[in-house]
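These notebook entries record what I looked up in one protein structure. I kept each entry brief and wrote down what I found.

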Amino acid sequence: MKEEPHIILQTWPFNCLTCQHAWESVYEAWHADDGRGGQVVTWRYKGTASMPPWIEPSCPSCSSLRVKTLPPGSRPPADAEKNEAPIVPRQRRP
């Protein structure tokens, strides 16, 4: 008899290294039997199948891919990364 998946809600904090925006997103981690005696975890975000939270997150404020994913349950600091100089893209020489 196959067991029903065990669903765990996880709140993942993120911090954009470009615009300093900090936010949290809630993901569902679906833990299930893989049919061969092991376990598999699949992810859902807002009810839709998704990649794990740490795979290519993008900032909802500036769309940057320079996002730091923090462990579930931790809080992004309010002044995260503000002491670092902003990264300015190199310009090509004419």
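The entries below go from model confidence to cysteines, then to the core and two single residues.

**Entry 1: confidence.** I noted at the outset that this is a predicted model. I looked up the mean pLDDT of the protein and found 82, with 77% of the residues at 70 or more. I then looked for a weak stretch and marked residues 79–89, where pLDDT stays under 50. For that stretch the model has eight contacts beyond four places in sequence. I reminded myself that predicted coordinates should not be read in detail where pLDDT is low.

**Entry 2: cysteines.** How many disulfides does the structure hold? I found zero. I next asked why Cys16 and Cys62 are not bonded to each other. The cysteine sulfur closest to that of Cys16 belongs to Cys62 and lies 3.7 Å away, which is too far for a bond, because a disulfide requires the two sulfur atoms to be within 2.5 Å. Starting from Cys62, I reached the matching result, with Cys16 holding the closest cysteine sulfur, at 3.7 Å. I also checked the accessibility of both residues. Cys16 is buried, at 0% relative accessibility, whereas Cys62 is partly exposed, at 32%.

**Entry 3: the core.** Which residues make up the largest nonpolar core? I listed nine: Trp12, Phe14, Cys16, Trp23, Tyr27, Ala29, Trp43, Cys59 and Val67. Strands β1 and β2 (22–33) each supply at least two residues of this core. I then followed Trp12 and, leaving out residues up to four places away in sequence, recorded its contacts, among them Trp23, Tyr27, Trp43, Pro53, Trp54 and Leu70.

**Entry 4: Gln10.** I located Gln10 in strand β1, which covers residues 6–16. Is Gln10 buried or exposed? I wrote down buried, because its relative accessible area is 19% and the cut-off for buried is under 20%. The side chain of Gln10 makes a polar contact of 3.0 Å with the side chain of Trp12. Beyond four places in sequence, Gln10 touches Ser25, Val26, Tyr27, Ala29, Trp43 and Pro72.

**Entry 5: Ser64.** I placed Ser64 in the loop between β4 (48–50) and β5 (67–69). Ser64 counts as buried, at 12% relative accessibility. Which residues does Ser64 contact, apart from neighbours within four places in sequence? I recorded Cys16, Thr18, Pro57, Ser58 and Cys59. Of these contacts, I had already entered Cys16 and Cys59 in the list for the core.

How values were computed. Residues numbered from 1 in each chain as written. Predicted model: local features only at pLDDT ≥ 70, side-chain atom pairs only at ≥ 80, totals over all residues. Heavy atoms only, no water. pLDDT = per-residue confidence, 0-100. Contact = heavy atoms within 4.5 Å. Buried < 20%, exposed > 50% of the residue type's maximum accessible area, 1.4 Å probe, protein only. Helix = DSSP H or I, 4+ residues; strand = E, 2+ residues; numbered from the N terminus. Polar contact = N/O pair within 3.5 Å; in protein donor to acceptor, adjacent residues only side chain to side chain. Core = buried A, V, L, I, M, F, W, Y, C linked by side-chain atoms within 4.5 Å.
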